[in-house]
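Student: Could you please take me closely through the salt bridges of this protein, pair by pair? I should like to know where the partners sit and whether they are buried or exposed.

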Amino acid sequence: MKSIFDHVSFDCSVKVTKAYSTSFSTAVKMLAPTIRQDIYNIYGFVRFADEIVDTFHEYDKEILFSQFENDLALALSQKISLNPILNSFQHTVHKYNIPNELIAAFMKSMKLDLVKTKYTTVEEYNEYIYGSADVVGLMCLKVFVNGDVAKYDALKNSAMRLGSAFQKVNFLRDLKADFEDLSRTYFPNTDLSRLDEASKQQIIAEIQADFDAGFEGIQKLPIEAKFGVYTAYIYYKKLLSKLNKTPSLEIKNTRIRVPDHQKVGLLAKCYLNYKLNII
């Protein structure tokens, strides 16, 4: 029965999420059980695409990505795939009518990582952010609103801004790996080899503005999604705070993290704020 295969596929998406991101998987656990699996399914898909372009250095990434792209197209058209991650993803896409243009924009940004290493204009940067992060937020929003078109339209901008904030925090946190290992620089008009405090503060101010816009949307999310998204928001805000307090030279030389014991405290704070109806 296909239901058994679907169940195995869903388990794979959960395992991928937990293996690659303990922080995100913790936030997903705070979502209502009715939508939790579908967010795992989305994460598994975006993680696999990202892994192809970021880590499989000993293989021909362009061939692997082309194969993945072809398998994705077949999964979406046939509503099944022997790749369990794509099988899970197509299930969620069809269940919530996730628009193909969101998926196409994501794949376009991922493909850019195969050939493009520097973003020199704000337009290039914004387009990459839209495809790599904003549309992922919109995919998740499709799940959160469960067919409510009016609510989706009302929360669309906030979801995109929150996705942008998460991605930009990742860029700043992963500055060393992106620059030294992958020769990539995402922030336009910024010489990352000589990142100073003024440049860093300009980036942080931009991220903070995205967070502020994103929080407005979190407050209006359906109850099934609010606590989980708020948990991710608080974690990334803490990471941004640590980056803000870290000298620019240290950011260039190490990867800033939030220790596990602090994550536990943040989760407790999130729960308290949620129960006190602060969000």
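Tutor: The answer below follows the salt bridges one at a time. The model is predicted, so local features need pLDDT of at least 70 and side-chain atom pairs count only at pLDDT 80 or more, while totals for chains, interfaces and linings use all residues. Residues are numbered from 1 along each chain as its sequence is written, and side-chain values use heavy atoms, without hydrogens and water.

Side chains of opposite charge can pair when their charged atoms come close. The structure holds 12 salt bridges (a side-chain nitrogen of Lys or Arg within 4 Å of a carboxyl oxygen of Asp or Glu).

Let us begin with E69 and K111, whose closest N and O atoms are 3.2 Å apart. This salt bridge links distant parts of the chain, since E69 belongs to helix α4 (residues 61-78) and K111 to helix α6 (residues 100-115), 42 residues apart. The helices named here are DSSP runs (H or I, at least four residues), numbered from the N terminus. E69 is partly exposed, at 27% relative accessibility (buried means under 20%, exposed over 50%, partly exposed in between, with a 1.4 Å probe and protein chains only). Its partner K111 is likewise partly exposed, with a value of 37%.

Helix α6 also holds K108, which forms a salt bridge with E127. Here the closest N and O atoms lie 2.7 Å apart. The partner E127 is in helix α7 (residues 122-145), so that this pair too joins distant parts of the chain, 19 residues apart. On the α7 side, E127 has a relative accessible area of 40% and is partly exposed. On the α6 side, K108 counts as partly exposed at 48%.

The next pair stays inside one helix. K200 and E197 form a salt bridge with their closest N and O atoms 3.3 Å apart. Both residues belong to helix α10 (residues 197-218), and because they are 3 residues apart there, about one helical turn separates them. The two partners differ in cover: K200 is buried, with a relative accessible area of 1%, whereas E197 is partly exposed at 35%.

Finally, some residues are joined in a group. R161, K168, E206 and D210 are linked in a network of salt bridges. In that network, R161 and K168 bring the nitrogen atoms, and E206 and D210 bring the carboxyl oxygens.

Terms used:
Helix = DSSP H or I, 4+ residues; strand = E, 2+ residues; numbered from the N terminus.
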